[in-house]
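Reader: I'd like a close look at the charged side chains in this one. Please take me through who pairs with whom, and then what packs around them.

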Amino acid sequence: MKPFLEANEDPVTVLVAREMEATSDADIVDWAGRHVAPLSYADDADYLQLVRCNPGNAVALGKAPSHLASLVVRRFPDFNCDSAKAAEIARQVFLKRIRTYLHGDVEPLQICRMVRLIEEKYDYPSWLGGLYDACDWMDERTTRDQALHLRNAIEQILSDNGSTQLPEAVE
């Protein structure tokens, strides 16, 4: 399976993706291992901790989000997680993640877990479409075959946002 995060995303995008649970701690570490950091943060202690993190070490892996957050606070001081810029990054990450759902890379619950976090953080954005209702009654046992209505909701959201349904599309 192709990694969700590309090596070219900046730490701000990775942080937004993690906060909305579009990615995991292991995804952060994987991204850091493939990312070629610019000089502005290549020698940052928190970035280096991410690069050197052993994904098999649960304690070190659990610290990945705090290392990423510290890196962003220090090296991107103008970034605000509650800003319109953050909401747009979240929208782009969300659209990318739901495209991956259409191609079988994630389970229904992974998509639905993002909905509550996005609603709370970004004040019920319209770009979530009808996903809240589509996620009603979903749990970890829900299979893709049982969630055909989720696929329909995702296709509608992508259409409403002028987004292609191809997973590798860049908006």
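**Charged side chains and their surroundings**

Author: Let's start with Glu155, which counts as partly exposed because its relative accessibility is 23% (buried is under 20% relative accessible area, exposed is over 50%, and partly exposed lies in between, using a 1.4 Å probe and protein chains only). Before we go on: this is a predicted model, where local features need pLDDT of at least 70 and side-chain atom pairs pLDDT 80 or more, while totals for chains, interfaces and linings use all residues. Numbering runs from 1 along each chain as its sequence is written, and side-chain values use heavy atoms, with hydrogens and water left out.

Glu155 has a partner in Arg151: the two form a salt bridge with their closest N and O atoms 3.3 Å apart (a side-chain nitrogen of Lys or Arg within 4 Å of a carboxyl oxygen of Asp or Glu). Both sit in helix H9, and since they are four residues apart there, about one helical turn separates them (helices are DSSP runs of H or I of at least four residues and strands are runs of E of at least two, numbered from the N terminus). Arg151 is also partly exposed, with a relative accessibility of 31%.

That's one pair from a total of 12 salt bridges in the structure. Now look at Arg74, which bridges to Asp46 with the closest N and O atoms 2.5 Å apart. This one ties together distant parts of the chain, with Arg74 in helix H5 and Asp46 in helix H3, 28 residues apart. The two ends sit in different settings: Arg74 is partly exposed at 42% relative accessibility, whereas Asp46 is buried at 13%. And the pair has company, as Asp44, Asp46, Arg74 and Arg75 form a network of salt bridges.

One more pair is worth a glance. Asp139 and Arg141 bring their side chains together in a salt bridge at 2.7 Å, N to O. Asp139 is partly exposed at 21%, while Arg141 is exposed, its relative accessible area being 62%.

Then there's an acidic residue that goes without. Glu119 in helix H7 (residues 108-122) is buried but has no salt bridge, and the nearest side chain of opposite charge, Arg116, is 7.7 Å away (Lys and Arg count as positive, Asp and Glu as negative; His and the chain ends are not counted). What does Glu119 touch, leaving aside residues up to four places away in sequence? Its contacts are Tyr124, Pro125, Leu128 and Tyr132 (contact means heavy atoms within 4.5 Å).

Staying on H7, you'll find a cysteine link. The structure has one disulfide (a pair of cysteine sulfur atoms within 2.5 Å). In this disulfide, Cys112 is joined to Cys135, S to S 2.1 Å. Cys112 belongs to H7 and Cys135 to the loop between H8 and H9, 23 residues apart, so distant parts of the chain are linked here. The link is left-handed, at -80 degrees about the S-S bond, and both Cys112 and Cys135 are buried. Cys53 is buried as well, with 13% relative accessible area.

Now for the greasy part. The largest nonpolar core has 54 residues, and those touching the most other members are Met20, Phe94, Ile111, Leu131, Leu150 and Ile154 (a core is a set of buried Ala, Val, Leu, Ile, Met, Phe, Trp, Tyr and Cys residues joined through side-chain atoms within 4.5 Å). At least two core residues come from each of H1, H2, H3, H5, H6, H7, H8 and H9, and H6 gives the largest share, 10 residues. Phe94 touches Met20, Met114, Ile118, Trp127, Leu128, Leu131 and Ile157, not counting residues up to four places away in sequence. Leu128, then, is in contact with Phe94 and also with Glu119.

Helix H1 (residues 11-19) is mostly covered, with seven of its nine residues buried. Those are Pro11, Val12, Thr13, Val14, Leu15, Val16 and Ala17, and their cover includes helix H2 (25-34), helix H5 (64-75), helix H6 (84-102) and H7. Just past H1, Glu21 adopts a positive phi of about 60 degrees.

Zooming out, the chain has nine helices and zero strands. Its C-alpha trace spans about 45 × 35 × 25 Å along the principal axes. Of the 171 residues, 44% are buried.
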